[in-house]
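Here is a short report on one protein model. It goes through single residues, cores, a ligand site and backbone geometry.

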Amino acid sequence: MRPFEYVRAADPAQAVATVTADPAAAYLAGGTTQLDLILKDGIISPERLVDVTRLPLKGITVGDTSIRVGATTTMEELAADPTVAERLPFVREALLAGASVQLRNMATIGGNLLQRTRCRYYRDPTVAACNKRQPGTGCAAVAGPARMHAILGASEHCIALHASDLAVALVALDTVVHLQGTTGTRAVPLTEFYLEPGDTPNVETVLQHGELITQIDIPFLPEGARSTYLKVRDRASYEFALTSAAVAVVLEDGAIREGRVGLGGVGTVPWRAWAAEEVLRGAPANDQTFRAAAEAAVQNPFIVAGTAFKVELAKRTLVRALHTVTG
Ligand SMILES: Cc1cc2nc3c(=O)[nH]c(=O)nc-3n(C[C@H](O)[C@H](O)[C@H](O)COP(=O)(O)OP(=O)(O)OC[C@H]3O[C@@H](n4cnc5c(N)ncnc54)[C@H](O)[C@@H]3O)c2cc1C
Ligand code: SF4
């Protein structure tokens, strides 16, 4: 085990200043990702961990058109919130489909959005070729075997999946992430927060070193919307998605007035299926429309032998989710 210093900041400004000033410092929230990578896998070795869990960043505030969630609110707290159950049911479903109740009681919303990939090569320090861990070394997953990997937004340099369930629903909702840095605050739409790997897989988000997620704003679904989160996985609980779909629709006279689609288990980033939403807008709510939306959603996949099955599985997952919300 590598030693590290544990620090509790007095307030967000001090936390930001401490991490920003020290390239070897990092934030610690619930620790369910961070401590695995440091203590169990030995993949990262920050010299200083700044605990954010006692900062005044916990809590849920309900507004007229959106809900504001503090970054240190736990997954379980958000899932138990009555407004989320009523106005954002598929967010609740996505939360409860993730990890286990013990983990969800520790894991925070900020940490969930920033969880690291489950790529087995990334988490195995004996594997030399990993551009995300060590830029320029290559990608062991592309040579395979690979299975729990991405087919959308991937490149020859990295096919690592973003494994969050929550982020799939949030990305479909135009969620906004609020950040605090040493020079001020900024708000970034979640659809612009994550970066596809390209030839720099080690850069995963627009976050600057030391920037802190303080809260997120989740807009409510339109009145009358129906939503669902469908997660397909190898076993019924405590398992990451092979594929998933977060879908919300507003129906009018048998047609889809508006549809939102997020896909999980397939993207290097939580995937907003804009092209599928285009197909759905104004179209009759029938199997033909759903299949056309699924074809539009999964375009130009980057596949390796072990991930080829995901192309059809992702389409069927979306079709089934659409049947569920329109049925
Ligand atoms: C066995 C297991 C199964 C799991 N299954 C699922 C699953 O099915 N679905 C799913 O979605 N997730 C799953 N997870 C992932 C889990 O949800 C994440 O580990 C968790 O949400 C991370 O939150 P945390 O508070 O523990 O973050 P930490 O581990 O403390 O931190 C994670 C990262 O976020 C950074 N960070 C944390 N908070 C902030 C902040 N406010 N601002 C800036 N940076 C911050 C940290 O520096 C670190 O890089 C699983 C995890 C495990 C261990
Ligand atoms: S897929 Fe990405 S994280 Fe996995 S081995 Fe390749 S470069 Fe590393």
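## L55: a loop residue

Is L55 buried or exposed? This is a predicted model, and in it L55 has a relative accessible area of 3%. The cut-off for buried is under 20%, so L55 is buried.

L55 sits in a loop, the one that joins β3 (48-51) to β4 (60-62). Its contacts, leaving out residues up to four places away in sequence, are A9, A10, D11, P12, A15, T72 and L212. One C-alpha distance helps to place L55. L55 and R8 are 47 residues apart along the chain, and their C-alpha atoms are separated by 8.7 Å.

## Q14 and T61

Q14 belongs to helix α1 (residues 12-21). Its relative accessibility is 39%. That value falls between the limits of 20% and 50%, so Q14 counts as partly exposed. Beyond four places in sequence, Q14 is in contact with R8 and A9. P135 is 121 residues from Q14 along the chain, and 31 Å separates the two C-alpha atoms.

T61 is part of strand β4. With neighbours within four places left aside, T61 contacts S66, I67 and R68. The C-alpha atoms of T61 and Y6 are separated by 30 Å, for a gap of 55 residues along the chain.

## Nonpolar cores

How many residues does the largest nonpolar core have? The count is 64. L88, V91, L263 and L318 have the most contacts inside this core. Helix α13 (residues 309-326) supplies the largest share, with seven residues. A second core is separate and has 21 residues, including L37, C119, Y122 and A140. In soluble globular proteins, nonpolar side chains tend to be buried together.

L88 deserves its own entry. Not counting neighbours within four places in sequence, L88 is in contact with I67, T83, L173, I218, P219, F220 and L221. I67 is also one of the contacts of T61.

## Ligand 2

Which residues come nearest to ligand 2? They are C119, C130, C139, C158 and I159, out of 14 residues around the ligand. C119 is also among the residues of the second core.

The shell around ligand 2 has eleven nonpolar residues, two polar and one charged. The largest cavity is the space taken by ligand 2.

## N112

N112 lies in helix α7 (residues 109-113). Why does N112 count as buried? Its relative accessibility is 8%, and the limit is under 20%, so N112 counts as buried.

Leaving out residues up to four places away in sequence, N112 touches M75, H162, S164, L166 and A167. S164 is 52 residues from N112 along the chain, yet their C-alpha atoms are separated by 6.6 Å.

## Backbone exceptions

Most residues other than glycine have a negative phi, and most peptide bonds are trans. Three places depart from these habits. The first is a peptide bond: from G144 to P145 it is cis, with omega near 0°. P145 lies in the loop between α8 (140-143) and α9 (166-172).

The other two are aspartates with positive phi. For D174, phi is near 60°. D174 occupies the loop between α9 and β6 (176-181). Its relative accessible area is 34%, so D174 is partly exposed. For D253, phi is about 50°. D253 lies in the loop between β10 (243-252) and β11 (255-264). Is D253 buried or exposed? At 81% relative accessibility, against a limit of over 50%, D253 counts as exposed.

Key. Residues are numbered from 1 along each chain as its sequence is written. Chains are lettered from A and ligands numbered from 1 in the order in which they are written. This is a predicted model: local features need pLDDT of at least 70, side-chain atom pairs count only at pLDDT 80 or more; totals for chains, interfaces and linings use all residues. Side-chain values use heavy atoms; hydrogens and water are left out. A nonpolar core is a set of buried Ala, Val, Leu, Ile, Met, Phe, Trp, Tyr and Cys residues joined through side-chain atoms within 4.5 Å. Buried means under 20% relative accessible area, exposed over 50%, partly exposed in between (1.4 Å probe, protein chains only). Helices (H or I, at least four residues) and strands (E, at least two) are DSSP runs, numbered from the N terminus. Contact means heavy atoms within 4.5 Å. A residue is near a molecule or strand if one of its heavy atoms lies within 4 Å of it. On a 1 Å grid over the protein atoms alone, a cavity is a set of points where a 1.4 Å probe fits but cannot get out, and a pocket is an open set with protein on both sides within 12 Å along at least five of seven lines; lining residues have an atom within 4 Å of a point. A molecule sits in a cavity or pocket if more than half of its atoms lie within 2 Å of its grid points. Ala, Val, Leu, Ile, Met, Phe, Trp, Tyr, Cys and Pro count as nonpolar, Asp, Glu, Lys and Arg as charged, and the others, Gly among them, as polar.
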